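Visitor: Could you take me on a close look at a single part of this structure? I am new to this, so please go step by step.

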Amino acid sequence: MKPFTYDSPADAATAVRTVAADPSAVFLAGGTNLVDHLKLGVARPGRVVDVTGLTSTEITEQDGGLSLGAGVPNSDLAADPRVRSRYPVLAQALLAGASGQLRNMATTGGNPLQRTRCVYFQDVTTPCNKRSPGSGCSAIGGYTRYHAILGASEHCVATHPSDMAVALAALDATVRVLGPDGERTIPFAELHRLPGDAPERDTVLRHGDLITAIDLPAPPGDRQRYRKVRDRASYAFALVSVAAVLSIADGVVQDARIAFGGVAHKPWRAWQAEDSLRGARAGHEAFRAAADAELAQAEALPGNEFKVPLLARTLVATLRELTGGQSA
Amino acid sequence: MTAIGQPLVRRDGAHKVTGAATYAFETPVSAPLFCHPVQSTVARGRITAIHTAEAEVLDGVVDVLTYRTAERLASTDDAELAVLQDRDIAFRGQVVGLVIAETSEIARHGAELVLVDHVEHEHDAELSEHRDDLYKPAKVNPSFPTDTDVGDLDAALAAAPVRIEQTYRTAMYHNNPLEPHATTALWDHDSLTLWDSTQGVHPSRATLATVFGLPPERVRVVCPFVGGGFGSKGLPHANVVLAAMAARAHPGRPVKLALTRQQMFSLAGYRTPTIQRMRLGADRDGRLTAIGLDVVEQTARLKEFAEQTALPARMMYAAPHRRTTHRLAALDVPVPSWMRAPGECPGMFGPEVAMDELAGELGVDPVELRIRNEPAVDPESGNPFSSRHLVECLREGARRFGWEARDPRPGVRLEDGWLVGTGVAASVYPSRVNPGSTALVRFEHGRYAVEIGAADLGTGAWTVLPQIAGDALDVPVDDVDIRIGDTRYPKATVAGGSTGTATWGTAIVEAARAFRDKFGRTPSHGDEAEATTEKNPEAQRYAMYAFGAQFAEARVHADTGEIRVPRLLGVFAAGRIVNPRTARSQLLGGMTMGLSMALHEDSVLDPRFGHVVNHDLAEYHVSVNADVADVQAHWLDERDEHVNVLGSKGIGEIGIVGTAAAVVNAVHHATGARIRDLPVTVDKVLPALP
């Protein structure tokens with residue numbers, strides 16, 4: 001582990017200025033991912049700026065929705081009665097992730113910024129374009145079980161590991177950011193990038209940008225479900241996951257918000273599946289058609305071909321559950 | 001009331017749960033130095049230069065050992081232990097340097113700054129049964145014949161009305177004890193003291209004395225507690241030699257070395273993957289006429305370890321024609337070693353799934369099929385079994401599990417969206433007493449002290465050995481003090497092969513008898529007597545094994561293929577159980593590890609690089625609490641006067657034997673999908689789902 005300077009500034013603006021002024025500086029919140037990276041040599045910052053206590057730890061009512069302070073721990077967010085009743089997809093996603101101990105430490109602002117668990121990214125002895133741009137992608141031709149089937153590039157096939165972020169993408173959340181030039185907002189679905197030829201950049205955030213809150217609009221649908229599929233019953237990243245929010249009237253889908261996890265470099269908003277569902281009569285055929293519409297663009301790697309049918313089956317099953325249908 | 005058979009609580013339990021028990025790395029010493037290994041980043045090659053200057057100037061770095069600066073070892077016969085002796089790189093992750101510093105953080109930072117130049121040679125790290133360089137080892141672990149051939153297997157198979165011919169595969173596994181391999185070492189007054197996490201202080205001392213060319217009495221190994229080993233601490237690995245080297249380079253200063261979790265995946269042994277070509281021939285009634293098992297597995301080019309995978313197939317069921325073989329691929333990979341039930345654990349996967357396939361082929365119940373093939377004598381030696389109650393285990397397990405009502409058809413039970421099935425497999429593990437363990441009984445201030453250089457790797461030796469001693473001396477167990485885990489106590493053999501309690505217990509019983517013979521019931525302070533275990537002559541006349549039967553219920557999600565095992569039930573016949581509480585813990589632990597093998601564990605070796613890429617506990621999955629539901633271990637009240645003076649058989653390993661086959665058989669019953677390669681995962685069952 002490379003030694004670094006530790007800063008604990010008095011307020012968020014100072015923290016932002018400090019990081020913006022030092023290319024080797026990083027923010028530290030819950031530390032559940034960064035501390036691992038410090039030990040592994042994946043992150044080698046010269047300066048660590050602790051933002052604990054500098055952003056809100058409150059969940060507040062706002063415009064019919066909720067504003068989630070960036071400092072709210074994942075466990076508190078999952079346990080909040082307003083979140084549980086109005087945004088169950090978010091509470092379910094949070095509780096599907098990590099372990100109790102990690103959720104106590106992880107924060108609302110930090111969770112979406114955790115980095116891929118691609119084994120080659122986490123091993124400094126193997127080439128990785130995300131960690132070391134231009135060195136190559138070891139996952140291509142390697143261990144791909146947790147890798148992408150959507151939106152990958154020849155430079156990177158990593159997936160984003162967060163469950164919470166998948167629910168936030170489906171809920172049309174907005175990210176509030178404090179940067180060196182002041183505050184701005186970013187639609188959550190646009191926060192994360194696809195790898196393209198710059199996989200070292202996970203998000204559209206600039207150096208020094210600090211997430212201060214995540215805003216949830218009024219619930220876009222009353223039928224919500226987060227379904228995560230993994231080999232192990234707990235403490236495992238998703239092979240695939242589905243966040244679905246539906247409104248149904250008279251058996252017809254009025255609105256659908258769907259996002260996938262474990263299959264792309266970002267929480268994958270399934271726009272085409274949503275389009276296919278809107279106005280359709282809820283039922284197996286419409287669900288299957290939605291899956292097919294979205295997954296027509298899927299490109300599996302040797303070793304993760306199963307994720308395409310698995311994701312289709314999981315989406316169909318989740319929609320069926322949300323519309324009162326029976327399991328297979 | 002005798003102490004043996006009482007569920008006494010662990011004597012060390014309170015120490016452990018309160019954090020008072022000190023493990024090797026925590027040994028309180030003054031001003032220790034800390035070590036961090038530098039590892040090779042190629043799988044085969046030769047070092048051309050090592051640049052240590054940047055690390056050496058780091059504030060707090062005391063020393064950097066490399067092949068240039070490390071001492072020349074007295075013995076390099078064990079290539080795994082011959083660290084920092086030459087320029088050759090034999091596997092990726094091999095230690096090529098050691099940074100010694102004032103703190104562990106500085107040592108780790110220093111290790112990052114050591115740069116190694118090397119010539120990289122083409123490496124070969126991919127196991128396959130189709131390789132043309134598979135070879136026949138001279139023996140398999142530890143000293144069994146590599147091949148056996150009885151009768152005429154090919155003719156018997158050709159003539160058999162029913163045949164099963166399939167290939168089964170088990171994955172590569174890492175032991176992953178919670179406590180990493182760790183050592184505190186001190187070289188002082190020409191003597192070496194190692195506080196080491198080990199399954200055997202005396203075997204460790206003997207090895208280290210040889211490697212460093214020291215008289216054994218100048219090496220002391222201390223190990224009161226171990227946070228798990230599962231075989232990976234049964235033999236010293238390179239980390240212990242490194243710690244000792246560092247200590248010898250800095251006389252008078254204690255040094256500490258703990259492997260990181262990632263390092264444990266290349267430096268602490270593992271179980272080889274196995275490829276098992278299984279052939280069964282049977283008559284229409286299900287009586288086996290032929291059993292063939294051809295095993296292909298890997299070893300390291302650096303040092304041979306041949307897992308004895310075909311052993312249980314040699315003795316489990318009666319069949320007149322039997323042939324078994326082992327063939328190895330020597331690869332540029334880390335050195336495999338012992339992992340819980342080497343041989344029996346992987347070796348009861350293929351055969352026990354094949355038995356299930358045969359039962360399905362014949363339309364015979366899989367419990368009944370096993371009963372029909374019960375041998376009268378050991379098929380291997382022709383000797384009678386000292387005791388064999390497999391049939392009773394199967395029947396008792398079937399009764400407890402509710403097997404009777406089972407509908408044999410696969411893939412027809414759907415409950416709440418889950419396909420449900422049940423499966424069975426048999427378990428076996430040899431019962432042995434190791435010669436050469438000595439116990440000493442001494443009367444001190446009105447109490448009895450028992451000293452034996454045994455190790456408790458979490459199994460309960462601290463608790464069960466006083467129970468044995470109390471009964472042997474005919475005194476209350478609370479009057480007995482036990483002293484173990486230090487080479488200052490008499491020589492004891494390794495806690496391995498499920499031999500610990502039987503071996504050390506035998507030594508204690510004989511020492512107690514010698515003590516009473518010599519001093520009667522009214523000894524004086526300081527009176528002492530000792531005894532040493534010898535080869536059990538009965539082992540020449542009887543085949544000695546523990547047996548068991550394991551039943552599993554599997555649920556496979558009909559939409560997603562997620563696999564859960566809500567019930568595991570094992571019934572074992574393992575002689576006299578010394579302490580039901582610690583015994584149950586051993587059996588449940590073994591079964592849980594077997595469940596983990598069935599569903600989760602899989603060391604992914606990327607042949608392009610030559611190392612295991614999922615080398616941490618987030619990516620190398622072991623079953624977690626949420627995966628482990630109703631697990632029950634029961635046992636029969638078995639008497640066996642031949643195995644040893646206690647009548648007890650080892651139980652540390654049998655729990656993991658057969659479990660994975662039972663789970664796989666249950667998954668087949670649930671879904672109709674016959675999975676022949678472990679682990680059973682979502683992707684493998686998906687094609688069979690409705």
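In which sense do β1(A) and strand β3 of chain A pair, and over how many bridges?

Guide: Happy to help! Keep in mind that this is a predicted model. Your two strands pair in the parallel sense: β1(A) is joined to β3(A), which covers residues 47–50 of chain A, over 3 bridges. For a spot to look at, find A:Asp7, which stands opposite A:Val49 in β3(A).

Now let us step back to the whole sheet. It is an open sheet of 3 strands in chain A, and its order is β1-β3-β2. The pairing in this sheet is parallel. Follow that order and you will find β1 (5–7) and β2 (25–28) of chain A at the edges. Each of these two has a single partner strand, so one side of each is left without a neighbour in the sheet. The strands are also turned against each other: between neighbours in this sheet the angle is 25 degrees on average, with direction ignored.

Next, bring the helix into view. Helix α1 of chain A, made of residues 12–21, lies across β1, β2 and β3 of chain A. Compare its direction with one strand, β2(A), and you get an angle of about 150 degrees.

So here is the picture to keep: in chain A, a parallel open sheet in the order β1-β3-β2, with helix α1 of chain A lying across its strands β1, β2 and β3. When you turn the model on your screen, start from A:Asp7 and look across to A:Val49, then move on to the edge strands β1 and β2 of chain A.

Definitions and conventions: Residues numbered from 1 in each chain as written. Chains lettered and ligands numbered in written order. Predicted model: local features only at pLDDT ≥ 70, side-chain atom pairs only at ≥ 80, totals over all residues. Pairing = 2+ DSSP bridges. Helix = DSSP H or I, 4+ residues; strand = E, 2+ residues; numbered from the N terminus. Axes fitted to C-alpha atoms, helices over the stretch in contact; angles between N-to-C directions. Contact = placed C-beta atoms within 7 Å.
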